[in-house]
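Thanks for coming, everyone. I have one structure to walk through today, so please take a look at the screen.

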Amino acid sequence: MSKRILSSILVTLLFSTPLLAGELPGPTEGAYRLPNGWQITPIGTSVPVNDLITNLLPSPDGKFMLALSSGYNPHELTLISTETGERSQVIALPTTFMGLAWSPDGATLYVSGGNNKVDKGIRAPVYIFSYDGARLSEKPVRELVESVDPDKIYWCGLVHHPALPILYAANRTAGNIVVFDTAKGEIITRIETGVNPYDLVISPDGSRLYCSNWASDSVSVIDTATNQVSATIEVGNNPNDMVLAKDGRLFVCCSNDNTVMVIDTARGRAVGTIITSLHERAPEGTTPNALALDPEEETLYIANADNNNVCVVEVEDPAENTVLGFLPAGWYPSALGMSLDGGQLYIGNAKGTASASRVEIQSAVLRS
């Protein structure tokens with residue numbers, strides 16, 4: 001049994017009933033009614049930010065949780081104080097999507113620019129911000145750019161090498177990973193992957209890079225010494241967010257399968273499947289799309305976007321994964337972030353709790 005447990009495991013009871021005459025979406029007694037008739041009861045405190053949270057990432061010093069908004073409303077990078085739970089800084093950007101990565105020294109942040117909007121004259125780079133321990137630079141201090149056809153640029157997952165001045169950036173449209181020299185700001189090479197590369201994680205020693213291929217139902221394993229794909233591991237449908245445990249287990253969200261696949265990276269194959277739906281035989285539609293692992297690596301949190309909840313799984317024993325229950329979230333949870341001390345779980349809800357485009361982040365306190 002995990003040493004760190006939730007003070008209580010809450011199961012979200014989801015139900016949908018047609019709106020009656022005169023009923024409108026909005027607050028009800030102890031809940032919030034969505035336009036589809038479902039009611040949600042999100043836990044924790046809320047911080048409003050712009051819509052479609054695609055990533056949550058703590059600052060290296062633990063002072064802030066960064067939230068990346070990439071929806072219909074203006075795209076933004078928001079710093080939320082982990083001490084006060086309030087917005088500390090908001091930076092507007094022309095376009096963003098999903099990728100956030102810190103340099104090894106914690107002084108530089110890399111932000112995915114998402115896709116070029118050629119019709120609007122917007123070019124999407126990888127933005128580079130400096131960080132002084134209190135704030136990010138108000139504007140990017142530099143940019144990393146790709147020189148290919150602008151229609152073939154759609155930056156997604158980012159990860160920095162743990163020891164070398166190298167940034168790996170997934171380009172969804174081109175189907176490759178661009179390898180940047182961050183000291184020189186130049187492209188070293190491009191690594192071909194499966195279709196629609198999405199998230200990137202790297203081993204602690206920097207020798208292996210893993211890439212989830214959204215449209216190929218696979219994970220590419222890349223040897224960083226040669227910048228070549230050394231293996232391709234088949235997983236479930238629409239693999240997206242990933243998290244790598246210290247013992248070598250790679251957890252991969254498969255949004256169209258109601259599952260998280262568990263890969264043994266030493267053996268190079270999937271060794272387990274976590275069912276994230278409320279019932280094991282539930283039809284596809286739970287849509288797991290984000291992960292967070294506690295610092296002790298005993299509990300895995302999985303955002304179920306279309307069930308408006310977070311699945312809580314005990315993963316302390318590599319031979320057995322046990323679903324403990326479900327935490328009520330807001331409307332369409334799309335990103336998860338864990339505080340460095342493991343005491344707070346941040347849930348980014350893509351659609352908030354209202355019918356308008358609005359996002360809230362719940363900070364749920366976890367107790368030992």
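**Inside the chain: strands and pockets**

Let me begin with strand 17. Six of its six residues are buried, so strand 17 is largely enclosed by the rest of the structure. Keep strand 17 in mind, as it comes back with the pockets.

A word on what you see. This is a predicted model. The chain has 31 strands and zero helices. It runs to 368 residues, and 56% of them count as buried. Now the contacts. Take those with a separation of 6 or more: 44% of them join residues 24 or more positions apart.

Back to strand 17 and its partner. Strand 17 pairs with strand 18, residues 208–213, in the antiparallel sense. Four bridges hold that pairing in the count. Within it, I202 stands opposite L209 of strand 18. The two strands make a hairpin with five residues between them. In that hairpin, G206 takes a positive phi near 80 degrees.

Next, an open sheet. Four strands form it, in the order 13-14-15-16, and the pairing is antiparallel. Which strands stand at the edges? Strand 13 and strand 16, residues 186–192. Each has a single partner strand, so one side of each is left without a neighbour in the sheet. Ignoring direction, neighbouring strands here are turned by 25 degrees against each other on average. Look at one pair more carefully. Strand 15, residues 176–181, and strand 16 pair in the antiparallel sense over six bridges. There, F180 stands opposite I187 in strand 16. As a reminder, side chains in a regular strand alternate between the two faces of the sheet.

Now the pockets. The largest pocket holds about 1400 Å³ of space. It is lined by 47 residues, and the closest to its centre are L57, P58, V201, V243 and L244. What is the lining made of, by class? It has 30 nonpolar, twelve polar and five charged residues. Several strands each supply at least two residues of that lining, among them strand 5 (53–58), strand 13 (155–160), strand 17 (197–202) and strand 21 (239–244). So there is strand 17 again, as promised, and strand 13 from the open sheet is on that list too.

The second largest pocket has about 210 Å³ of space. Its lining has 15 residues. Nearest its centre lie F97, Y198, W214, N289 and Y332. The class split here is six nonpolar, eight polar and one charged. Strand 5 and strand 29 each supply at least two residues of this lining. Strand 5 and strand 29 (331–338) do so for the largest pocket as well.

Last topic: two backbone oddities. Both are positive phi values in residues other than glycine. L52 has phi near 55 degrees. You will find L52 in the loop between strand 4 (45–49) and strand 5. M98 has a phi of about 70 degrees. M98 sits in the loop between strand 8 (87–93) and strand 9.

Are these two buried or partly exposed? L52 has 29% relative accessibility, so L52 counts as partly exposed. M98 has a relative accessible area of 4%, so M98 is buried. The cut-off for buried is under 20%.

That's my tour. Over to you for questions.

Note on methods: Residues are numbered from 1 along each chain as its sequence is written. Side-chain values use heavy atoms; hydrogens and water are left out. On a 1 Å grid over the protein atoms alone, a cavity is a set of points where a 1.4 Å probe fits but cannot get out, and a pocket is an open set with protein on both sides within 12 Å along at least five of seven lines; lining residues have an atom within 4 Å of a point. Grid points are joined across faces, edges and corners, and a volume is the space filled by probe spheres set on the points. Ala, Val, Leu, Ile, Met, Phe, Trp, Tyr, Cys and Pro count as nonpolar, Asp, Glu, Lys and Arg as charged, and the others, Gly among them, as polar. Two strands pair if DSSP finds at least two bridges between them. Axes are lines fitted to C-alpha atoms, for helices over the stretch in contact, and angles run from 0 to 180 degrees between N-to-C directions. Buried means under 20% relative accessible area, exposed over 50%, partly exposed in between (1.4 Å probe, protein chains only). Contact means heavy atoms within 4.5 Å.
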